[in-house]
Amino acid sequence: MSAQEKATTGKGIRNGEQYLEGLRDGRDVWIHGEKVKDVTRHPGLSRGAQTLASFMDRQFDPALQDTITYEEDGNRYATSFMIPKSKDDVVKRGAAFYEWATWSNGMFGRTPDYKNASLMAFGSATDFLAEGKPEYGENMKAYYEYVRDNDKVLTHTLVNPTFNHAQAQEGKYSDKVALQVVRETDAGLVVSGARLLATLGPHADEIEVFPSTLLKASEENLPFAFAFAIPIGTPGLRLICRDSYDHEKSHFDAPLSSRFEEMDAVVTFDNVLVPWERVFMYRDPLMCNRAFAETNAVIHMMHQVACGKLAKAEFIVGLLCAMAKATGKDKDMNIKGQIAEAMWIAESVRAFRYSAEQQAHPDQRGNYIPLRRPLDTSRNLFPKMYPRLVEMVQLLGSSSLMATPSEADLTNDIAHDVGQYFQTVNLDSRERIALFRLAHDVAVSGFGNRQALYERFFFGPQNVMASIYFDLYNKDDMMDRVTELLNRE
Ligand SMILES: Cc1cc2nc3c(=O)[nH]c(=O)nc-3n(C[C@H](O)[C@H](O)[C@H](O)COP(=O)(O)OP(=O)(O)OC[C@H]3O[C@@H](n4cnc5c(N)ncnc54)[C@H](O)[C@@H]3O)c2cc1C
């Protein structure tokens, strides 16, 4: 039986068509003022779905399977579900993350391996959830196996909308907007309210609704303290999308936004029933606060992210070099120096990843984790480095980013002018326009600007991440050296 056939019969990896079929479930998605009938066919959403489907298909490519999948009990699963039992397993997971990211050059940041990394960690740390109630640990184990066995695509939403900054600073939520439990029934929890933000929401099968913002352990916060997961098509769950950046242009005209539009959506819940078997934490703010750290989910997510950001930074280096070469600027010492800065960024991320993987070590449960500090350094630096990479594309591209007629202009009445006046010493007009339209999609278009915003925020507010980094950093030895010097005779 081939792997493709197996996907239709057994447990494990799914192909693109199976994935797309799963999205046709009557989900309640709104975009551009209207309700979407079918996200796999709707303009602005369909090509993102098709891209992800094509990525799912690659799981059956014999040349890639050893990297991006693994076998267990006769079934073949995505590598991101593999619980690492050795340093080699950590390295294999990193290779799979990197491989997935290269398909979009990091521009489709929310490939399923991101959430799989987190779920694998929770699924192998059920002892932690069982502290709340034994069944919460069992629920998570069953959920991990369900998602892995059916190769489900997950999104997550961790943040309540801020209604009042001062209230949020006190670790409290507004019951006007925040998601909360409104009642309990024999069947489960009933929740209402809103959550920011679910990237990939319209293209996901399931949504994890987990806590991330620190909650005060007060009686009034108990209805806001929970973790659960439900299908996107659950009655009462609605996704309210931003504008699509896929404006239905050709791949030539919009090389990134025509392919890699992973939609972001605000999620609203109107009396949504969450079955008890999908509840993993409830009415325990302190457990909620500890969850991502104590399951090591945050480390495994950082690992996926660093591998993806490496692919992205490498791509920007390639783009800058190609832009410079177009006019022979790549021979200029000053330009070389400018692009070298992008190379330092890419090489820094590569070093962070390598350092973390090579120093992988057993965690408190005997599973392996990459070393946190290099990955944490990467997740704190990249939100600052990516906007700088974008700025470098703008500075090098300058007005060439505006000298970007469309594909149609290469064949219409002005084709002669376009063919003549857009050429450079190293590129004909078609090649030059294609290259700078790509640069435009990285650094100027709505798609490109959303990428920069995503990098700044998707892992959380930068000040919060930096503060956690500071707290975890082993400062004592360094401070001792200061003390020693001050006390020297
Ligand atoms: C493109 C994109 C995709 C995302 N995808 C997801 C997703 O899939 N799932 C998910 O759960 N979340 C997602 N997020 C949300 C992300 O987790 C949040 O944006 C992030 O946690 C910040 O929260 P906030 O947007 O409420 O900003 P706020 O908390 O309102 O902060 C806004 C700004 O104010 C600053 N600020 C706030 N408080 C202080 C203070 N006390 N002192 C100084 N500065 C302060 C912050 O640093 C920040 O710069 C996404 C965000 C973006 C932009």
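This is a short tour of the ligand site and two cysteines in a predicted model.

Before you click: residues are numbered from 1 along each chain as its sequence is written, and side-chain values use heavy atoms, with hydrogens and water left out. Since the model is predicted, local features need pLDDT of at least 70 and side-chain atom pairs count only at pLDDT 80 or more, while totals for chains, interfaces and linings use all residues.

Start with the ligand and pull up its shell, meaning residues with a heavy atom within 4 Å of it. You should get 20 residues, with R110, H156, L158, L197 and T199 the closest. Sorted by class, ten are nonpolar, seven polar and three charged.

Now zoom in on the polar contacts (N or O pairs within 3.5 Å). Select R110: a side-chain N or O atom there sits 2.8 Å from a ligand oxygen. Hop to L197, where a backbone N or O atom is 2.6 Å from a ligand nitrogen. Then try N463, with a polar side-chain atom 3.3 Å from a ligand nitrogen. On its own the ligand exposes 960 Å², and the protein buries 68% of that (Shrake-Rupley, 1.4 Å probe).

Next, color by DSSP element: β5 (154-157), α9 (165-169), β7 (188-199) and α16 (446-457) each give the shell at least two residues. Domain 2 (154-289) and domain 3 (296-482) each contribute at least three.

Last stop, the cysteines. C288 counts as buried because its relative accessibility is 3%, under the 20% cut-off; C307 is buried too, at 0%. How many disulfides (cysteine sulfur pairs within 2.5 Å) are there? Zero.

Methods
A disulfide is a pair of cysteine sulfur atoms within 2.5 Å. Buried means under 20% relative accessible area, exposed over 50%, partly exposed in between (1.4 Å probe, protein chains only). A polar contact is a pair of N or O atoms within 3.5 Å; within protein, one must be able to donate a hydrogen and the other to accept it, and residues adjacent in sequence count only if both atoms are side-chain atoms. Helices (H or I, at least four residues) and strands (E, at least two) are DSSP runs, numbered from the N terminus. Ala, Val, Leu, Ile, Met, Phe, Trp, Tyr, Cys and Pro count as nonpolar, Asp, Glu, Lys and Arg as charged, and the others, Gly among them, as polar. Domain bounds come from an automatic or database domain assignment.
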